[in-house]
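Work through the exercises below with the model open. Try each task before reading its solution.

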Amino acid sequence: MPQAVCTPRREAPGESAVAVELRDVNKWFGSFHALKNINLSVPRGQRVVICGPSGSGKSTMIRCINHLEDHQSGEIIVNGKPVAQDLRKIDEVRSNVGMVFQHFNLFPHLTVLENCMLAPVWVRKMPRMAAEELARHYLDRVRIAEKAASYPGQLSGGQQQRAAIARALCMNPKIMLFDEPTSALDPEMVKEVLDTMVSLAGEGMTMLCVTHEMGFAREVADRVVFMDRGEIVEANTPHEFFANSRSERARQFLAQILT
Amino acid sequence: MTDQSLHPPIVNLALMPAMAPPADVRPGPVTWIKRNLFSTPFSAALTICFVLLAVWLLHQFLSFAILKAVWSGGREACSANPEGACWPFIAEKFDYLRYGAYPISERWRVDLTQAIGTILIVWLLWTKAPRRKLAAMLFFVFYPIAAFVLLRGVALLHLPVIDTTLWGGLLITLLMSIVGIVFSLPLGVILALGRRSDLPMVKAVCVTFIEVVRGVPFITVLFMANFMMPLFVPDYLTPDRLLRPLIAIALFSSAYMAEVVRAGLQAIPKGQYEAAKALGISYFDMMRLIVLPQALTIVIPSIVSTFIGLFKDTTLVAIVGIADFLKAIETARVDPSWAGPTISSTGYLFAGLVYWGFCFGMSRYSQSMERQLVRGHKS
């Protein structure tokens, strides 16, 4: 029943079938060993939820995928292209990987619409009219079309996060990374953001999501990856992970957050 | 049971209506004066003292500058009046103060240059004006060429060449400040970005430049530009005597500007860079579209301070023999045919008013700009 967990070294059957592949990835912050021999393969269309105690390396791992952090050894392959081999290629990898941050990181001097149009216009070289149409389409999808002309500072946290999701989607990414997207939100706003993510998952987007929302993990994840102290301790289907986790560390973690 | 009586449950079913504030806290001029000017006997005494002082100072100023001043007549009227300013002196010297020794028959060229410049600057600074991109193009590309052709002259166009030794007065002051302002901001931005660069060589060059220039008095920089530059370059490449201090002032203020811009860059949260990078935006576009617009907005007050400092520092070029506005006042005031008791005071008062007018204008503009930008993206 449980599928192969931490994928051992193996060649991807076809480039397009594997969205993200991490092979023996190690990262140090100074002398602190932040990621220890990470091996993870995410097939296209899979939704992966990454959880674990704070400081376990969850965010660091997904930030390595679009090279916001660099790793010191091992290989990261995104959409068939190795990351960090060629610094000039990184922007190309990044433009196909959307990222949503804990603190939204919208550009406060631009309206919501301009936030969404910026990358399509300047990275994809899309004409402004087409970019605006695209931006309005995705703002409508995250249900804040009426806020297009507002500045981020005029929006609630939940609306800002949905705008940030729309901004990432405007680049038509093949993979979406979520770095604790609901942790900075007031409780009553968590649901609207999760709903947006659930609907995105329903459309077959490849998603890697660092979150403590176990309800979300149960509902949409194909796989739950549990990390502790820089290593992947357990990776399993949500059902198996929540019902009978194998490791003591995971059981302890679940006991702490599910009470 | 006793618990119950100590902490009776609170249940409030009726909604309390909002009430108007009581009279003594109601906002209004009387409340404001009471609270801010006469809150205690000591503050009341201070208020009265300072009002009296202000009235006395204003009276002194107005009686010298306006009430007892000589407004018409000639030198005799001024010599006879030791009490007030001598405005006919300024009136007679006005052209000299504006143009210096620029030939009288060619002064229309200066007027034309300044008129075009004024129009373009107003067009550029007036945020609601249409087609400001065109204004920027005209001001930064077309105008310098036009100004050069008009002011210096090109024989081919039947505009006789006016040697820069003849230029002077407000013309020099404005030329120095505008060139300084226009060059120092972009140079400062480049230096600030260089100082924060990951490339060690770029960083070293920028840090060295900034620290060396900032560690040296402006007068030293002027002397170096004036006397040392000709030693390093061959004769035919030696810049004009007016161009040398121009280069000096632009480089000098760019070092200060770099530190101002760096302060703004440091105020931008890391998340902004990360969001831009995560979208695949290149370094150049990230800086141009996301980081600098925010960073420069934050440091507008300091940028304008630097501009104001630069504007006033242009008076120092007199040291290397350039007759700027203040130098023109100096020259005019020692004119023996105008020897009067208040000639010097009048000259300095006029200089002060002119400098203050320009600086105050810059300051007010920057404040309105700040308000506009803040209104733009804060709720």
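The exercises that follow concern a predicted model.

**Exercise 1. Sheet order and edges**

Find the order of the four strands in the open sheet of chain A, and state which strands stand at the edges.

Solution.
- Step 1. Trace the pairing. The order is S2-S1-S4-S5 in chain A, and the pairing is antiparallel.
- Step 2. Look for strands with a single partner. S2 (32–43) and S5 (81–82) of chain A each have one, so one side of each is left without a neighbour in the sheet.
- Step 3. Add the helix. H1 (residues 58–65) of chain A packs on the sheet and touches S1 (18–29), S2 and S4 of chain A. The direction of H1 makes about 120° with that of S1(A).
- Step 4. Inspect one pair. S4 (residues 73–78) of chain A joins S5(A) over two bridges, in the antiparallel sense. Ile77(A) lies opposite Pro82(A) of S5(A).

**Exercise 2. The second largest pocket**

Determine which elements supply the lining of the second largest pocket, and what its residue classes are.

Solution.
- Step 1. Take the volume: about 940 Å³.
- Step 2. Go to the centre. Of the 27 lining residues, the closest to it are Asp198(B), Tyr273(B), Lys277(B), Tyr283(B) and Met286(B).
- Step 3. Assign elements. Chain A supplies at least two residues from H2 (90–95). In chain B, H8 (170–195), H11 (243–266), H12 (270–278) and H13 (283–298) each do likewise. H12(B) gives the largest share, four residues.
- Step 4. Sort by class. The lining has 13 nonpolar, five polar and nine charged residues.

**Exercise 3. Two cavities**

Identify the residues that line the largest cavity and those that line the second largest cavity.

Solution.
- Step 1. Count. There are two cavities of 30 Å³ or more.
- Step 2. Take the largest, of about 30 Å³. Its lining is Met99(A), Phe101(A), Arg167(A), Ala168(A), Ala275(B), Ala278(B) and Leu279(B). By class, six are nonpolar, none polar and one charged.
- Step 3. Take the second largest, also about 30 Å³. Arg47(A), Val48(A), Val49(A), Met207(A), Cys209(A), Phe216(A), Val220(A) and Ala221(A) line this cavity.
- Step 4. Assign elements to the second largest cavity. S3 (47–51), S8 (206–210) and H7 (214–220) of chain A give two or more residues each. S3(A) has the largest share, with three.

**Exercise 4. Domains of chain B**

State how many residues of domain 1 of chain B are in contact with domain 2 of chain B.

Solution.
- Step 1. Set the bounds: domain 1 is 103–161 and domain 2 is 169–378 in chain B.
- Step 2. Take the C-alpha centres of the two domains. They are 21 Å apart.
- Step 3. Count contacts. Eight residues of domain 1 of chain B meet seven residues of domain 2 of chain B.

Methods. Residues numbered from 1 in each chain as written. Chains lettered and ligands numbered in written order. Predicted model: local features only at pLDDT ≥ 70, side-chain atom pairs only at ≥ 80, totals over all residues. Heavy atoms only, no water. 1 Å grid on protein atoms, 1.4 Å probe; cavity = no way out; pocket = protein on both sides within 12 Å on 5 of 7 lines; lining within 4 Å. Points joined across faces, edges and corners; volume = space filled by probe spheres on them. Nonpolar A, V, L, I, M, F, W, Y, C, P; charged D, E, K, R; others polar. Pairing = 2+ DSSP bridges. Contact = heavy atoms within 4.5 Å. Axes fitted to C-alpha atoms, helices over the stretch in contact; angles between N-to-C directions. Domains from an automatic or database assignment.
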